[in-house]
Amino acid sequence: MAEENPAKESCIRIAEELPVTAVDYINQESWDSFFTSKGTDDFCEWYADWPQFRTSLKNLLSFQLAEELNHFSFPLLQPLPEEVSILVPACGASRLSEHLYDEGFTDITNVDFSKVVIEAMMKRNIRVRPEMKWRVMDITNISFPSGIFDAIVDKGGLDILMDSEHGPRSGPLSYISKVKRLLKAGGRYICLTLAEPLVLDLLFSKFRFGWKINLYTISDEASPGTTTQQTFMLVAEKSYLTVVSRIVPFMDVSFVETQGIQVDELLEALKRENTIREEYSKSTDKWYSLEELKQGVNGNIGVIESGRVIKLFLGETGISRFFYTCVLLDAPPETGPFSKQFLVLFLQKSQASQKILASEFQQRLVLQSFKAARLLIIVLDSSYYRLYSDDIREDTGYFVAELCQVGDDDTDAEFTADDGTIEGIKQNKIVHQVSSVLTGQISVEDVIYNQSQDITFRRLYFERAESLMHSEAPLSTEALRQKKEKPKKIDSHASSGVKVEHKILTTGFHKGVIAGLLLFSTHSKRTTKAGGLVKTVIIGLGPGILPMFMRNRLPSLKIEVVDLDPAVLNVASNYFGFTEDERLKVHITDAIKFVREKANSEADGSKVDLLIIDVDSSDSRYYFFFFFFKLCSSGLISPEADFVEESFLLTVKDSLSDKGLFIFKLIPKHYFTSMRAPVYSKLKRVFSNLYHMYVDDGFVEIIFAVKKEAPVELEEACEALERSLRDNYNMHPWINNVLHDSKLIKPLLLPS
């Protein structure tokens, strides 16, 4: 059924009539108009024709067992062509799907936001290719369930979304997140692209963790009408573990020597990215499977070894429905006597459980508190919310039994779920939930802690951050008086009318920000004395607690807050009492674009004195769901990975005034803590004057980057800060916290 290539004259004419601006390329009406006038029979292929990549694509869809999965013993058999589920996004009138179908790959779903082309292509194929599926759908908002495709074949779709002026922001980012969500574990994203720098930056960074990438060249013997630029095929394979692999290019020397600037730019980007990946791959963290432990890779698992800590994944296809993130701890004998020989502790993923997983010290405290000789901590996330505890115990039973075999006799395991004890929460109530296309689900919760004397705190969560609390604030004393009749029960009708206290900070990060900005305040004082205000930019609004506190407590600041999602502003305004005025403004826009404009501006007073990032990673969740492992694209809980790329750090530096200050929180994932080093390296290449502090029991690291080259004498600065605060603020209670926290700030020294 393969069709002949269109004539040269037809291809040239069609190419001339295609949309010509970036706006037109992503405009549905422009494409509807184009396909209405041209039809689907009058077409030409973009980039490459089928014969140029037929063999390569068929081989890639064969799905041989990947090397890095061998130690898991997963029975992944090579599928038959008709068993491979394929998604073709932004299909247009391309014949790609038809060629694949004719090769035996019949389980193909095509999507495009042009109803005109979908109806025409369905009509064209319904009789000769009856199993082919067609859907009208925007590729930046694909609504299929997670983990249902073996392969996604993208022929120019991502390139179309890119805006060469503004770079890869909401549209491309949303599309890539959908790609990662839709693929099964072991699935492949096959992207035919011109590999322009902006496209490569996006693909390399977003498929860095948990993906194996190969890069191929497509034969340049193009048919008339196809692009004269070299076409590349990038293949990103979804791994079962958060591994960092070098990108492997498949191009011969003769090809490289005969190409021009397009390939030179690609090779430079490839070299830069592989350097970054080498830094990440130096991780000392090691995660094990149960099979590896049984083979003795970490000692004899049948014997309790004093002080041993093992990070492991539990789960096996055919035995369990799920896979689990776990930590196994053996207690030192001197910490006995033990009331339990083996305890299994189930924890819902929360701020407290993340701290436990990130800190061996916290793990030992938990072990000691439960008086167990061996403790297995199993962290449960949103994948398991529909399961009862008995279901999870049954699903983990085989693996727990293996770990119970200590000494000569089997030891029965005791199970417990103790999130309340770990979090220290006495009561909690969901006040509000809303789902946003840009941010996902946003939740507002009122809680009473065991030690809070019945004071209610209002907290904000983003589901994308796996229910890690963004920030919280106590309800005001006025609100507490309104609830005085029933102080021990949270009002089930808690609403936006409840007042939130804006003159108190409770999170370690926010307290550290205030301590740092006051400590490094030399430029702030000069600006204030000159009659101006300290220009402050906060990226990430959240509930607005930090900017509201800064406006109320630090009158010398003029604050601009940047957030991409208007839904976040609505929640902050309606449920946390956030308000704007002449000193506090919110911009609903892309943060990187906003900072770039500040950096490029030559206008007087356009530079920023203080830049704060308060954004968690949109990829901070990961979980096993049945046999589909959803992986993060960065090893960070905070910040968003784009904000620690060297290109953005350079932009930040250019946006700062001469003595400007840049602050953000760095929280690596508990299973990839060694990725701090690569972030430090990138910071050091841009800023020579770096400081940091740890808060929240070491869970959160706050980075302070000072633009000026001369180092700050911290001891002298702390003394000067104390004198200033005593003179200007009359030692309000919050000042004591600032003075304490400022002494925790130390120079950030890179390991030699």
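Me: How many helices and strands are there in the protein?
Reply: This is a predicted model, and the protein in it has 26 helices and 31 strands.

Me: And what share of the residues is buried?
Reply: Of the 752 residues in the protein, 56% are buried. As for contacts with a separation of 6 or more, 72% of them are between residues 24 or more positions apart.

Me: Let's take the sheet with strand 3 in it. In what order do the strands come?
Reply: That open sheet is formed by eight strands in the order 3-2-1-4-5-7-6-8, with mixed pairing. Strand 3 (133-136) and strand 8 (248-250) stand at the edges, and each has a single partner strand, so one side of each has no neighbour in the sheet. On average, and with direction ignored, neighbouring strands of this sheet are turned by 20° against each other.

Me: How do strand 6 and strand 7 pair?
Reply: Strand 6 (residues 211-217) and strand 7 (residues 232-238) are paired in the antiparallel sense, over seven bridges. To pick out one residue, Tyr-216 has Met-233 in strand 7 as its bridge partner.

Me: Which strands does helix 9 lie across?
Reply: Helix 9 (residues 197-206) lies across strand 5 (183-193), strand 6 and strand 7, and it runs at about 170° to strand 5. Helix 6 (residues 115-125) lies across strand 2 (108-112) and strand 3, and the angle of helix 6 to strand 3 is about 165°.

Me: Switching to the sheet with strand 17. Is the pairing parallel or antiparallel there?
Reply: The pairing is antiparallel, in an open sheet of four strands that come in the order 17-18-19-20. Its edges are strand 17 (425-436) and strand 20 (469-474), each with a single partner strand, so each is left with one side lacking a neighbour in the sheet. Neighbouring strands here are turned by 20° against each other on average, direction ignored.

Me: How many bridges join strand 17 to strand 18?
Reply: There are 10 bridges between strand 17 and strand 18, which run antiparallel, and a hairpin of three residues joins the two strands. Within this pair, Ile-425 stands opposite Tyr-449 in strand 18.

Me: What about the other pairs in that sheet?
Reply: Strand 18 and strand 19 run antiparallel and are joined by seven bridges, with Tyr-461 in strand 19 as the bridge partner of Ser-443. Strand 19 (residues 456-462) then pairs with strand 20 in the antiparallel sense over five bridges, where the bridge partner of Phe-457 is Pro-474 in strand 20.

Me: Why is strand 18 described as largely enclosed?
Reply: Eight of the 10 residues of strand 18 (residues 440-449) are buried, so the strand is largely enclosed by the rest of the structure. The reasoning for strand 22 (residues 557-563) goes like this: six of its seven residues are buried, so strand 22 is largely enclosed by the rest of the structure.

Me: How does strand 21 run against strand 22?
Reply: Strand 21 (residues 534-539) and strand 22 run parallel and are joined by six bridges, with Thr-536 standing opposite Ile-559 in strand 22.

Me: Now helices. Which residues of helix 20 are buried?
Reply: They are Ile-545, Leu-546, Pro-547, Met-548, Phe-549, Met-550, Arg-551 and Arg-553. That makes eight of the nine residues of helix 20 (residues 545-553), so this helix is largely enclosed by the rest of the structure.

Me: At what angle do helix 18 and helix 26 cross?
Reply: The axes of helix 18 (residues 508-519) and helix 26 (residues 733-742) cross at roughly 75° and come within 8 Å, and the two helices are therefore roughly perpendicular to each other. Helix 18 makes the contact with Lys-511, Gly-512, Ile-514, Ala-515, Leu-518 and Leu-519, while helix 26 brings Trp-734, Val-738, Asp-741 and Ser-742. These contact residues divide into six nonpolar, two polar and two charged.

Me: Where is Gln-368 found?
Reply: Gln-368 is in helix 14 (residues 360-370), and its relative accessibility is 46%, so Gln-368 counts as partly exposed. Its C-alpha atom is separated by 8.6 Å from that of Gly-336, and the two residues are 32 residues apart along the chain.

Me: Last topic, cysteines. How many disulfides does a search of the whole structure find?
Reply: The search finds zero disulfides. As for individual cysteines, Cys-404 counts as buried at 6% relative accessibility, and Cys-718 is buried with a relative accessible area of 12%.

Definitions and conventions: Residues are numbered from 1 along each chain as its sequence is written. This is a predicted model: local features need pLDDT of at least 70, side-chain atom pairs count only at pLDDT 80 or more; totals for chains, interfaces and linings use all residues. Side-chain values use heavy atoms; hydrogens and water are left out. Axes are lines fitted to C-alpha atoms, for helices over the stretch in contact, and angles run from 0 to 180 degrees between N-to-C directions. Angles under 35 degrees count as roughly parallel, over 145 as roughly antiparallel, 65 to 115 as roughly perpendicular and the rest as oblique. Contact means heavy atoms within 4.5 Å. Ala, Val, Leu, Ile, Met, Phe, Trp, Tyr, Cys and Pro count as nonpolar, Asp, Glu, Lys and Arg as charged, and the others, Gly among them, as polar. Buried means under 20% relative accessible area, exposed over 50%, partly exposed in between (1.4 Å probe, protein chains only). Two strands pair if DSSP finds at least two bridges between them. A disulfide is a pair of cysteine sulfur atoms within 2.5 Å.
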